[in-house]
Amino acid sequence: MASTWQLWKLQETDLLIAQIEARIEELDSGQALEEVKEEAEQEKASLEEDIRRKKLGLKQEEIKLAGLEDQLKSLKEKVYRGNTVNPRELMSMQRELEIVSGRQSKQEENVLMLMEEMDVLEARKDEVEKKFFDMDKVLAQRIEEYEKEKERLESEVLTAMDRRDRMASAIEPPI
């Protein structure tokens, strides 16, 4: 009867070891968070590339705007200097002045629109960086918790295995 009881206790210990090992396998190592962090990192890199392209585009648009402003200034000087006495030539310069002024207004709108897009991208980048930073802290904490719990469970397994070995040695080999 004692040997049956011992076998039953040995089987309980084996079951306990299997349960603890299963819990170790089920522990969250932070892999899902790591993947989300990598996605945030890729999004951040993409936003940085978009911002770089927008800055380059903005710089080009600002150069175009400066050229139109110079052209407009030059035309105004010609029109208002008073050197032109021919009414047709004066009307032609006036129309050209209006056309360049209209292009300048459109160019200013383009520059403002690009600046607004840059602001939106910068704000989004700041959000992603904050999310990335927060996620980095959470991931570090999760990994630390995982390591502690895994170490605790592995210690339990070792204790249960030692107990199992003692129990198994107390049972007669034929049984």
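**Entry 1. A charge over a ring**

I began with Lys44, which lies over the face of Phe132. The distance to the ring centre is 5.7 Å. I note here that I am working on a predicted model.

**Entry 2. Aromatic pairs**

Next I looked up ring pairs. How many aromatic pairs does the structure hold? I found 1. Trp5 and Trp8 form this pair, with 5.0 Å centre to centre. Their planes are 40° apart, and the pair is tilted. I checked where the two residues sit. Both Trp5 and Trp8 belong to helix α1, which covers residues 2–26. They are 3 residues apart, about one turn of the helix. I then asked about Trp8: is it buried, partly exposed or exposed? Trp8 counts as partly exposed because its relative accessibility is 40%, and the partly exposed class runs between 20% and 50%.

**Entry 3. The largest nonpolar core**

I turned to the nonpolar residues. Which residues make up the largest nonpolar core? I list 6: Ile17, Ile20, Ile24, Leu153, Val157 and Ala160. Helices α1 and α3 each supply at least two residues of this core. I followed Ala160 further. Setting aside neighbours within four places in sequence, Ala160 is in contact with Thr13, Leu16 and Ile17. Ile17 is itself listed in the core.

**Entry 4. Glu21 and Glu154**

I stayed with helix α1, where Glu21 is placed. I logged Glu21 as partly exposed because its relative accessible area is 38%. How far is the C-alpha atom of Glu21 from that of Glu154? The separation is 7.8 Å. Along the chain, Glu21 and Glu154 are 133 residues apart.

**Entry 5. Ile171, after α3**

I looked past the end of helix α3. Ile171 is in the segment after α3. I classed Ile171 as buried because its relative accessibility is 8%, and buried means under 20%. Which residues does Ile171 touch, leaving aside neighbours within four places in sequence? I found Gln6, Leu7 and Leu10. I also looked up the spacing to Gln11. From C-alpha to C-alpha, Ile171 and Gln11 are 12 Å apart. In sequence, 160 residues separate Ile171 and Gln11.

**Entry 6. Gln104, a buried polar side chain**

Gln104 was the next stop. I placed Gln104 in helix α3, residues 87–170. Is Gln104 buried or exposed? Gln104 is buried, because its relative accessible area is 13%. I then listed its contacts, not counting residues up to four places away in sequence. Gln104 touches Leu65, Leu68, Glu69 and Leu72.

**Entry 7. Salt bridges, overall**

I searched the whole structure for salt bridges and found 16. Side chains of opposite charge can pair when their charged atoms come close. I took three bridges one by one, then a network.

**Entry 8. Arg164 and Asp14**

Arg164 forms a salt bridge with Asp14. I read 2.3 Å between the closest N and O atoms. Arg164 lies in helix α3 and Asp14 in helix α1, so the pair ties together parts that are 150 residues apart in sequence. Arg164 counts as partly exposed because its relative accessibility is 26%. Asp14, at 30% relative accessibility, also counts as partly exposed.

**Entry 9. Arg124 and Glu43**

My second bridge joins Arg124 to Glu43, with the closest N and O atoms 2.3 Å apart. Which helices does the pair link? Arg124 is in helix α3 and Glu43 in helix α2, residues 31–81. These are distant parts of the chain, 81 residues apart. I noted Arg124 as partly exposed, with a relative accessible area of 32%. Glu43 counts as partly exposed at 26% relative accessibility.

**Entry 10. Glu117 and Lys54**

The side chains of Glu117 and Lys54 meet in my third bridge, at 2.6 Å from N to O. Glu117 is in helix α3 and Lys54 in helix α2. I count this pair too as a link between distant parts of the chain, 63 residues apart. Glu117 is partly exposed because its relative accessibility is 27%. Lys54 has a relative accessible area of 26% and is partly exposed.

**Entry 11. A network**

Last, I looked for linked bridges. Which residues are linked in a network of salt bridges? I wrote down Glu49, Asp50, Arg52 and Arg53.

Note on methods. Residues numbered from 1 in each chain as written. Predicted model: local features only at pLDDT ≥ 70, side-chain atom pairs only at ≥ 80, totals over all residues. Heavy atoms only, no water. Phe/Tyr/Trp six-rings, centres within 6.5 Å; stacked < 30°, edge-to-face > 60°. Helix = DSSP H or I, 4+ residues; strand = E, 2+ residues; numbered from the N terminus. Buried < 20%, exposed > 50% of the residue type's maximum accessible area, 1.4 Å probe, protein only. Lys NZ or Arg CZ within 6 Å of the ring centre and 35° of its normal. Contact = heavy atoms within 4.5 Å. Core = buried A, V, L, I, M, F, W, Y, C linked by side-chain atoms within 4.5 Å. Salt bridge = Lys/Arg side-chain N within 4 Å of Asp/Glu carboxyl O.
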